[in-house]
Amino acid sequence: MILFTLEHILTHISLSIVSIVITIYLMNLLVHEIVGLYDSSEKGMVAAFLCITGLLVIRWIYSGHLPLSDLYESLMFLSWSFYIIHMIPYFRNHKNHLNEITAPSAVFTQGFATSGLLTEMHQSTILVPALQSQWLMMHVSMMILSYAALLCGSLLSVALLVITFRKNFEIFSKCKSNNLQTGAFSFVKFKYANEISNALKWKNNNLISFRNRNYHRYQLIQQLDCWSSRVISLGFLFLTVGILSGAVWANEAWGSYWNWDPKETWAFITWTIFAIYLHTRTNENLQGSNSAIVASMGFFIIWICYFGVNLLGIGLHSYGSFALTSN
Amino acid sequence: MNTLNPSRTLNHFLLKTPSLQLKFKTHHFNYIRKRNLNVKIVSELKTPKNKKISKKIILSEGAPDIVENQQVSPPKLGKNGGSPLLKFLKRAPRKVLSILANLPLAIGEMFSIAALMALGTAIDQGEAPDYYFQIWWILFFGFDHMFTSPVFLGLLVLLAASLIACTYTTQIPIVKVARRWNFLNSAVAIRKQEFTDSLPQASVRDLGVILMGAGYEVFLKGPSLYAFKGLAGRFAPIGVHIAMLLIMAGGTLSASGSFRGSVTVPQGLNFVMGDVLRPNGFLSFPTEAFNTEVHVNRFYMDYYDSGEVSQFHTDLSLFDLDGKEVMRKTICVNDPLRYNGITIYQTDWSISALQVLKDNEGPFNLAMAPLKINGDKKLYGTFLPIGDVDSSNVKGISMLARDLQSIVLYDQEGKFVGVRRPDSNLPVDIGGTKIVIVDAIGSSGLDLKIDPGVPIVYAGFGALMLTTCVSFLSHSQIWALQDGTTVIIGGKTNRAKIEFPNEMNRLLDQVPEIVNSSPSKSEILNG
């Protein structure tokens, strides 16, 4: 019971810290960049990360298995993976555009997981026979880490596309940050716009210098491109390991390493799409916006793979319909 | 003894059944006959479905074809003779190769495969033809069984061909170039690299030492330096392609050379492996192990405190032809039995019979029948007639069970009487009849499989994991040239384009500055 209360407290603490962090980000971007505030927001992210780690550990202790058995837990784990991806550059002390993607992503997933929508799922459930395997840890954690990395990478690509194809960069007036996706772009957009305006201010020049603007834009696009490819190749690596460990597990539990089950198939589609992305990057003609289009297709496909298949409740991965789960 | 001929197994199966009956006590007779019927139905229902599933990946059956085409074409041209034609045909293999190795083509293939797979999950697979009558093209292209349809398999074959062609024409030459470590001797060439810098008053040797410390392979020749790191990252994509081909080859072997079968066996019964296993493809040859007899010693379930099933266990014994026990293992979900290439999985269960004492007579075995299988809720029931059995209006006691834990009893009027655990031995009095439920006997649903493709596929999996990890490494190359007291540095990398300049700047900061710089000193250093 104590553990349960502790988990509850941790959920609330992490969510409130994270909303403060988001407010600071918004203030920084919209009003004025204050270095002190930026640092404190990073510290807030670390604190929220520790909270959510504690939460997952507590859940692990009292349920007796890795907290990855249902949608709520996997969303929390996804959020945790976003924090991890956020933390790595922070501890290695280089500032990059990944932060603007990971922070809101982590917040939105966590918010979605803890929101009222999924309340009945908060109770930790028992494991059905098919899930009682050492492979659960390897397969599911790898899959979710890969989803997190691939989502970040493809969001960077989406941001790249937005910047490339937008003629008019006056975006201060247009702010639609209702959902995860637009929220995340607009962060990058704000950041970018801020950079431009700072540059312009610094030059103390009222004339809009197109060359300067184009140079900044070019540099930003280059950086986004490189980061997105780096993060996607990391995610692709996790996805490969995840799918293959899943196949080995399926050969132990279901009798065949590949069943063309919908979830499996969609994971393979995701894999194929990001394989295409990595191939487009080897060719100079296809680099840049072409590969970014592929990555943004990947963004939607990951969501279908992650949610869509489970919502429809088809196939072996929806544990309700598996023959052995009957009670 | 003779190994079982696959084509004979069906007849064999029916012939074999009486031998099962011999192994049982006589008063089990009635129930056993029902069970046999059940066994037959289960296996007949399941095999067509299984066939469909396992035929799925005949992926690269044609992959060798394309290679063959390339190899076969030279003889063809010999027959045709004509010299311009000869020239054309001589070039043909190379042309085919270059077309196949074309990146946009490969990307197109991958896109089409992804789209077909998505379509395959959207269209309900494996229904009767009538089901698809509104949309003619589903049946026309065979999309009612997408993953075995000629279009899909053809695309996979094409992709395999592209993989081979790309590895041969593009990747191997790139590696050959990358392996040749070459010095750049002009400052202009070095400055053309993606990253360039120049250090005044520094020595190329110090730089070399620092690069070595950072894990670079360093080569020095006079004033020039060449260093590289992460060469494996260049090789790895070849490995990825080869691993993919291995997996495809293994998948083909799985589809053409495997046996599958499923059987529901009540506790205490046995079956012969060869009777259950059905061949999948033209390469499926039965082995000696098919004569092994499997005896289900016990089937039981573990439960959580809440009453839900936590695990299914089946205690199996294998007997060879001489009746000697060769293996015994309790299998459960996630822990199959493996014997001579045959794997037995725990996949399903049902309740086969209730052992009941009626007024201290018996025990009688009452066969249980599945009443409602709605989703995953299983319900089994049986009926014990009371009074005049021959009359047209037989009344009796109904017993229902969801699992092996508890049995619900209803009287002649259909009214609820009580719940009993099989091991409790507590009698229930129903209209003067005393009923004791002695035991509930479960049936274990087993899947049997022989898959010769698994080792190859697993080798492919291992290789793919390893090479994908290595592919993350970035191949970085650095050139430097001592130009008087300055060192000109240029470098490039193929993946980590953002980290590389940072890393370089960090390393170059460590290069010590030579304070008393004079031309003679730097010459001494270089010499």
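This report describes a predicted model of two chains, A and B, and the way they meet.

Residues are numbered from 1 along each chain as its sequence is written, chains are lettered from A and ligands numbered from 1 in the order in which they are written. Because the model is predicted, local features need pLDDT of at least 70 and side-chain atom pairs count only at pLDDT 80 or more, while totals for chains, interfaces and linings use all residues.

**Confidence**

The predictor gives the complex an ipTM of 0.81 and a pTM of 0.78. For single residues the score is pLDDT, the predictor's confidence in each residue, from 0 to 100. Chain B has a mean pLDDT of 77, with 80% of its residues at 70 or more. Residues 1–81 of chain B stay under 50, and the model has 104 contacts beyond four places in sequence for them. Residues 519–527 of chain B are also below 50, with 13 contacts beyond near neighbours in sequence. Two residues are in contact if their C-beta atoms, placed from the backbone, lie within 7 Å.

**The two chains**

Helices (H or I, at least four residues) and strands (E, at least two) are DSSP runs, numbered from the N terminus. Chain A has nine helices and zero strands, whereas chain B has 14 helices and 21 strands. A residue is buried if 20 or more other C-beta atoms lie within 10 Å of its own, exposed if 12 or fewer, and partly exposed in between, with C-beta atoms placed from the backbone. Of the 327 residues of chain A, 46% are buried; for the 527 residues of chain B the share is 35%. Among contacts in chain A between residues at least 6 apart in sequence, 77% join residues at least 24 apart. In chain B the corresponding share is 63%.

**Where the chains meet**

Chain A brings 45 residues to the contact and chain B brings 47 residues. On the side of chain A that touches chain B, the elements giving two or more residues are helix 7 (210–253) and helix 8 (262–280) of chain A. Helix 7 of chain A gives the most, with 15 residues. This side of chain A divides into 24 nonpolar, 19 polar and two charged residues. Here Ala, Val, Leu, Ile, Met, Phe, Trp, Tyr, Cys and Pro count as nonpolar, Asp, Glu, Lys and Arg as charged, and the others, Gly among them, as polar.

**Record annotations on chain B**

UniProt, in an unreviewed entry, places a "transmembrane region" at residues 96–123, 135–166 and 231–253 of chain B. The same source, again as an unreviewed entry, places "domain: ResB-like" at residues 105–352 and 432–504 of chain B. UniProt positions are given in the numbering used here, feature names are shortened, and annotations may be inferred rather than shown by experiment. The table describes some of these stretches in the model.

| Stretch of chain B | Helix | Strand | Distance between end C-alpha atoms |
|---|---|---|---|
| Residues 96–123 | 89% helix | 0% strand | 35 Å |
| Residues 231–253 | 96% helix | 0% strand | 34 Å |
| Residues 432–504 | 33% helix | 47% strand | 94 Å |

**Two sheets in chain B**

Two strands pair if DSSP finds at least two bridges between them. One open sheet has five strands in the order 1-21-20-3-2 (chain B), with antiparallel pairing. Its edge strands, each pairing on one side only, are strand 1 (195–199) and strand 2 (217–221) of chain B. Neighbouring strands of this sheet are turned by 15° against each other on average, direction ignored. Axes are lines fitted to C-alpha atoms, for helices over the stretch in contact, and angles run from 0 to 180 degrees between N-to-C directions. Within this sheet, strand 3 (residues 224–229) and strand 20 (residues 476–483) of chain B pair in the antiparallel sense over six bridges. F228(B) has Q477(B), in strand 20 of chain B, as its bridge partner. Helix 13 (residues 499–510) of chain B packs on the sheet and touches strand 1, strand 20 and strand 21 (486–493) of chain B; its direction makes about 10° with that of strand 1 of chain B.

Another open sheet has four strands in the order 5-7-8-9 (chain B), also with antiparallel pairing. Strand 5 (270–272) and strand 9 (325–332) of chain B are its edge strands. The average turn between neighbouring strands of this sheet is 25°, direction ignored. Strand 8 (residues 309–319) and strand 9 of chain B pair over seven bridges in the antiparallel sense. The bridge partner of F319(B) is E325(B), in strand 9 of chain B.

**One loop residue**

F285(B) sits in the loop between strand 6 (278–279) and strand 7 (293–303) of chain B. F285(B) counts as exposed because it has 12 C-beta neighbours inside 10 Å. From C-alpha to C-alpha, F285(B) and V177(B) are 47 Å apart in space, and they are 108 residues apart in sequence.
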